[in-house]
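Please examine the structure shown below. The report that follows describes selected features of it in turn.

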Amino acid sequence: MLICSDDYPKVLFIQQSQFSPDYRGKTVYSTETRQEQTVTQFGELPDNVTQLKPESEFDAWDGKKWGLDKEAQAAAAHKVAKQELVSRKASAASRINELTYAVNLDIATDEEKAALTEWQKYAVLLSRVDVNATDIEWPEQPQYSQPT
């Protein structure tokens, strides 16, 4: 702004302009939760978001970039393996229970007697599964045949 007056010397005032980035409509990610968000505010991004997209649900922010949190990944894999083992054991126990009734009542067919043995072997093999292993080899489930 230029002020001209007989009372004042001619002085040029230059007002420093401030530049604020506009990220509105852009996608950012929480560095704490990896949650995707769309920017709605004008100006600088908050410190707890980044425009870098995490590559997996196990990524952790190190202040500059995402990195794989191997401990979190291993813990999640362990949890899934434990759930799978519980599910397989429950299925085996249910089938063994049904077949055992038939055998105990002396009404089991030869096929049911053989199936009972196979399901019992399967249950034993399941009890030997190490859910802490990185590459679990699950025993093969016996064929399920409906009673006739």
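The residues lining the largest pocket divide into six nonpolar, three polar and no charged ones. The model described here is a predicted one. Which residues form this lining? They are Ala74, Ala77, His78 and Ala81, together with Val131, Asn132, Ala133, Thr134 and Ile136. The volume of the largest pocket is about 160 Å³.

**The protein as a whole**

The protein contains two helices and seven strands. Read from the N terminus, its elements follow the order β-β-β-β-β-β-β-α-α. Several values for the whole protein are collected in the table.

| Property of the protein | Value |
|---|---|
| Share of the 148 residues that count as buried | 22% |
| Share of contacts between residues at least 6 apart in sequence that join residues at least 24 apart | 30% |
| Exposed area | about 11800 Å² |
| Share of the exposed area supplied by carbon and sulfur atoms | 49% |

**A sheet of three strands**

Three strands form an open sheet in the order E4-E3-E5, and their pairing is antiparallel. Which strands lie at the edges of this sheet? The edge strands are E4, which covers residues 36–38, and E5, because each of them pairs on one side only. Strand E3 comprises residues 27–30 and pairs with E4 in the antiparallel sense over three bridges. Within this pair, Thr27 stands opposite Thr38 in E4. In general, the strands of a sheet pair through backbone hydrogen bonds, in either a parallel or an antiparallel manner.

**The surroundings of Phe58**

Phe58 is located in the loop that connects strand E5 (49–50) and strand E6 (59–61). Is Phe58 buried or exposed? Its relative accessible area is 16%, and Phe58 therefore counts as buried, since the cut-off for a buried residue is under 20%.

Which residues does Phe58 touch, when those up to four places away in sequence are not counted? Its contacts on this basis are Arg34, Gly67, Leu68, Asp69, Ala72, Gln73 and Ala76. One of these residues, Gln73, is 15 residues from Phe58 along the chain, and the C-alpha atoms of the two are separated by 5.7 Å.

Technical notes:
Residues numbered from 1 in each chain as written. Predicted model: local features only at pLDDT ≥ 70, side-chain atom pairs only at ≥ 80, totals over all residues. Heavy atoms only, no water. 1 Å grid on protein atoms, 1.4 Å probe; cavity = no way out; pocket = protein on both sides within 12 Å on 5 of 7 lines; lining within 4 Å. Points joined across faces, edges and corners; volume = space filled by probe spheres on them. Nonpolar A, V, L, I, M, F, W, Y, C, P; charged D, E, K, R; others polar. Helix = DSSP H or I, 4+ residues; strand = E, 2+ residues; numbered from the N terminus. Buried < 20%, exposed > 50% of the residue type's maximum accessible area, 1.4 Å probe, protein only. Contact = heavy atoms within 4.5 Å. Areas by Shrake-Rupley, 256 points an atom, 1.4 Å probe, with all protein chains shown as cover. Pairing = 2+ DSSP bridges.
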